[in-house]
Amino acid sequence: MIDYDKALSNKIKEMKPSGIRKFFDIAGTMEGVISLGVGEPDFSTPWAIRKAAIQTLERKQIIYGPNKGLEPLRKAISESIMKKQGIKYCPEDEIVVTVGGSEAIDISLRGIIDPGDEVLVVEPCFVCYAPLVELTGGVVVPVPTKIENNFKLTVDDLKGKITDRTKLLILPFPNNPTGAIMTREDLEPIADLLRDTNIIVLSDEIYSELTYGTKHCSIAELPDMQERTILVNGFSKAYAMTGWRLGYVAAPEPIISQIVKLHQYAIMCSPYISQNAAVEALTSCDDEVRKMVDEYNIRRRFLVSEFNRIGLTCFNPEGAFYVFPCIKSTGLSSEEFCNRLLYEELVAAVPGNAFGESGEGYIRISYAYSLKHLMEAVKRIEKFVNKLKDEKHG
């Protein structure tokens, strides 16, 4: 009989499952649960995008495409980045289309990191960065951000973390889970610190279209930073295209030429149908995106106000579609709070420590759900918080 303990990869066995999916999966087995755990837009993919996909099917273009992605899509990506951020990327050799932003992150990390290289991971952050770094043999160096700095990365946060083994900085703004953003003024000191080093920046900008009042700025826009920046983005969040699985990497040719080899062997190409649809997204759906952002903004303001009212101090996010209320006043850990909230009031949220140790004492709530959905969830959360107050003073 085979011994699976010996047969399986030790690295994979030691890897913890996603903290986001844990609560989502539990909630899926229970009746009457309101799930606020997954960052998936509740909007339908805009009709123009769906129509382009239908036309692709009718033309029977269900085929393999070029490794780097369809030429019209790479051109549309290049033009979109130039229009919105003023950065020029050559469609031929500085862009590769990927299967979602997740693959874009994975192949970028594997194309840069050698065993023993140190990677600065700004926290709290999306759950995939640290495990993917560890799979390359890289060393994760957490760089916690603080509520008193509005969860922005500062030069003081970075100082003392950089060594002669530092290879990469992962810069995830607008941020999941906090909703924090970095303005040009915030980024300039970071760029000044990095210019005299050989450190690459992986800028995960999947939420770049989802900001409230302040236009997104990429660190690649700053002088001399494009040459050391890997820009990762995709279509899931802004265009409500999560299941279409489409993202991209934009970076200097020496980087793209290496990571495209990983893409060739691991994936070969992104879905032809999704790519044709994405061209339509970039060329004709700005108005639909603005409408979605306006609706998210209403939900954002509602949740921030309500959490502060019920005594869970809530940072005011300026990007993405999450709030990150502090639950330290309850005396419970993030895991305890979310477990009890799920089983006692049937509301699924994600504990803050799923996004790094610096997330302890917080929970993440996604507002990619209807306002009606959120209002009922807040009622249940308030009931739960009041119950905890009664227990403390019991």
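**Salt bridges, sheet and cavities**

Trainee: What is the relative accessible area of arginine 184?

Mentor: Arginine 184 counts as partly exposed, the class between buried (under 20% relative accessible area) and exposed (over 50%; 1.4 Å probe, protein chains only). The model is predicted: local features need pLDDT of at least 70 and side-chain atom pairs count only at pLDDT 80 or more, while totals for chains, interfaces and linings use all residues. Residues are numbered from 1 along each chain as its sequence is written, and side-chain values use heavy atoms, leaving out hydrogens and water. For arginine 184 the relative accessible area is 32%.

Trainee: Which residue does arginine 184 meet in a salt bridge?

Mentor: In a salt bridge, a side-chain nitrogen of Lys or Arg lies within 4 Å of a carboxyl oxygen of Asp or Glu. Arginine 184 and its partner both lie in helix α9 (residues 184-194), four residues apart, about one turn of the helix; helices (H or I, at least four residues) and strands (E, at least two) are DSSP runs, numbered from the N terminus. The partner is partly exposed, with a relative accessible area of 35%. At 3.7 Å, N to O, the residue that meets arginine 184 is glutamate 188.

Trainee: How many salt bridges does the structure hold?

Mentor: Side chains of opposite charge can pair when their charged atoms come close. The pair in α9 is one example, with glutamate 188 and arginine 184 in contact through their side chains. The total for the structure is 23.

Trainee: Which strands stand at the edges of the sheet?

Mentor: The sheet is open and has seven strands, with mixed pairing and the order β2-β8-β7-β6-β5-β3-β4; two strands pair if DSSP finds at least two bridges between them. Each edge strand has a single partner strand, so one side of it is left without a neighbour in the sheet. The edge strands are β2 (95-98) and β4 (139-144).

Trainee: Which residue of β4 stands opposite glutamate 118?

Mentor: Strand β3 (residues 118-123) and β4 pair in the parallel sense, and six bridges join them. Opposite glutamate 118, in β4, stands valine 139.

Trainee: Which residue forms a salt bridge with glutamate 118?

Mentor: Glutamate 118 is itself buried, at 11% relative accessible area. The side chain that meets glutamate 118, at 3.7 Å from N to O, belongs to arginine 165. The pair links distant parts of the chain, 47 residues apart: glutamate 118 is in β3, and the loop between α8 (155-158) and β5 (166-171) holds arginine 165.

Trainee: Where does lysine 383 lie, and which residues share its salt-bridge network?

Mentor: Lysine 383 forms a salt bridge with glutamate 345, their closest N and O atoms being 4.0 Å apart. The two are 38 residues apart, with glutamate 345 in helix α13 (residues 334-345) and lysine 383 in helix α14 (residues 371-393). Glutamate 345 is buried at 9% relative accessible area, whereas lysine 383 is exposed at 53%. Through shared partners, one network joins Lys383 with Arg340, Glu344, Glu345, Lys387 and Glu391.

Trainee: Which element gives the most to the lining of the largest cavity?

Mentor: On a 1 Å grid over the protein atoms alone, a cavity is a set of points where a 1.4 Å probe fits but cannot get out, and lining residues have an atom within 4 Å of a point. The lining of the largest cavity includes Ser80, Ile81, Lys84 and Gln85. Two elements, one of them β7 (229-234), each supply at least two residues of this lining. With four residues, the element that gives the most is α5.

Technical notes
On a 1 Å grid over the protein atoms alone, a cavity is a set of points where a 1.4 Å probe fits but cannot get out, and a pocket is an open set with protein on both sides within 12 Å along at least five of seven lines; lining residues have an atom within 4 Å of a point.
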